[in-house]
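Welcome! Take a moment to look through the sequence and turn the structure around on your screen. Then read on for a short briefing.

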Amino acid sequence: MTLGLILLIAVTVLVFLGLAQRVLDRMNLSDTAALLFIGAMVVGTFLPDIPILRGETSVAVNVGGALVPLALVVYLLMNADGAEVFRGLLAAVITAAVTFGIAQVTQFEPGQTFIDPIWLFGILAGVIGYALGRSRRAAFVGGVLGIILNDVVEAARAIAGGIRSDITIGGAGILDSVVLAGIIGVLLAELLGETRERLGGGPVHDKNRPVTLDNDEYRREEFGDELGGVQSPAPDQADPEREDR
């Protein structure tokens, strides 16, 4: 069983147990939608690759490793505001550039590297996705789309250089990196984002607490603020039910 499948199974269990509800809510995903996407990724991985170019350089696309994650990325972008879309796409481009550059200057010989490239690219993509995306949606988009773009760039490079190779966008190994990137990006946004909120006084506002310490999703969810320019409410307007979140 591959790393990607193990992670998908773990996420499925968390969704069934209701432990991922908070994260899914912040990403505008229901339990059903999340499970459908996970199931489609697993099933799609075992479907025949879709050929898009034949010849000296053959290029194909894997359904579960590229098309389904890409569909989820598009869905998340459609439910994000303009700033979040920009950050997610910027994170994806930089992720692709960094991972592609590392792949060109590093020789990944089996058994001779300190870290498996699947882990390396997945971790890098997740960290960059969070650092530039900040929100859960943008972090997921940056990490996942960045890995897929890296594969697209590699295919374009092979075609332009007339390199004899068979490239599968979203192949089995890339699926592992795609899943890892998405999970790491979202976890960092959840853990570090909430830590920033707590260090700033918690999600309940008072007149001395900077609004900029809030997660982007929290501002939109709590105050309908899409541009981050909302003013903090007075202490007596704070929602006591939010204190335990």
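The points below cover two helix pairs, a nonpolar core and one serine. Please keep in mind that this is a predicted model.

**Helix 5 and helix 6**

- Let's begin with helix 5, which spans residues 82-105, and helix 6, which spans residues 117-133.
- Their axes lie 9 Å apart, and the two helices pack at an angle of about 150°.
- An angle over 145 degrees counts as roughly antiparallel, so helix 5 is roughly antiparallel to helix 6.
- The crossing of helix 5 past helix 6 is right-handed.
- On the helix 5 side, the contact is made by Arg87, Leu90, Ala91, Ile94, Thr95, Val98, Thr99, Ile102 and Ala103.
- Their partners in helix 6 are Leu120, Phe121, Leu124, Ala125, Ile128, Gly129, Leu132 and Gly133.
- Sorted by class, the residues of this contact between helix 5 and helix 6 are 12 nonpolar, four polar and one charged.

**Helix 3 and helix 4**

- Now find helix 3 (residues 31-45) and helix 4 (residues 63-78), whose axes are 7 Å apart.
- Here the packing angle is about 155°.
- With the cut-off for roughly antiparallel at over 145 degrees, helix 3 is therefore roughly antiparallel to helix 4.
- Helix 3 passes helix 4 in a crossing that is right-handed.
- Phe37, Ala40, Met41, Gly44 and Thr45 are the helix 3 residues that meet helix 4.
- Across from them, helix 4 offers Val63, Gly64, Gly65, Val68, Pro69, Ala71 and Leu72.
- The contact of helix 3 with helix 4 contains eight nonpolar and four polar residues, with no charged ones.

**The largest nonpolar core**

- In soluble globular proteins, nonpolar side chains tend to be buried together.
- The largest nonpolar core in this model has 40 residues.
- Which members touch the most others? They are Met27, Leu29, Leu76 and Phe140.
- Helix 7 (residues 136-161) is the top contributor to this core, giving eight residues.
- Look more closely at methionine 27: leaving out residues up to four places away in sequence, methionine 27 touches Leu76, Arg136, Arg137, Phe140 and Val186.

**Serine 177**

- You can find serine 177 in helix 8, which covers residues 172-199.
- Is serine 177 buried or exposed? Serine 177 counts as buried because its relative accessibility is 3%, and the cut-off for buried is under 20%.
- Apart from neighbours within four places in sequence, serine 177 is in contact with Pro117, Ile118, Phe121, Gly122 and Ile147.

Methods:
Residues are numbered from 1 along each chain as its sequence is written. This is a predicted model: local features need pLDDT of at least 70, side-chain atom pairs count only at pLDDT 80 or more; totals for chains, interfaces and linings use all residues. Side-chain values use heavy atoms; hydrogens and water are left out. Axes are lines fitted to C-alpha atoms, for helices over the stretch in contact, and angles run from 0 to 180 degrees between N-to-C directions. Helices (H or I, at least four residues) and strands (E, at least two) are DSSP runs, numbered from the N terminus. Angles under 35 degrees count as roughly parallel, over 145 as roughly antiparallel, 65 to 115 as roughly perpendicular and the rest as oblique. A crossing is left-handed if the near helix is turned anticlockwise from the far one by less than a right angle, and right-handed if clockwise. Contact means heavy atoms within 4.5 Å. Ala, Val, Leu, Ile, Met, Phe, Trp, Tyr, Cys and Pro count as nonpolar, Asp, Glu, Lys and Arg as charged, and the others, Gly among them, as polar. A nonpolar core is a set of buried Ala, Val, Leu, Ile, Met, Phe, Trp, Tyr and Cys residues joined through side-chain atoms within 4.5 Å. Buried means under 20% relative accessible area, exposed over 50%, partly exposed in between (1.4 Å probe, protein chains only).
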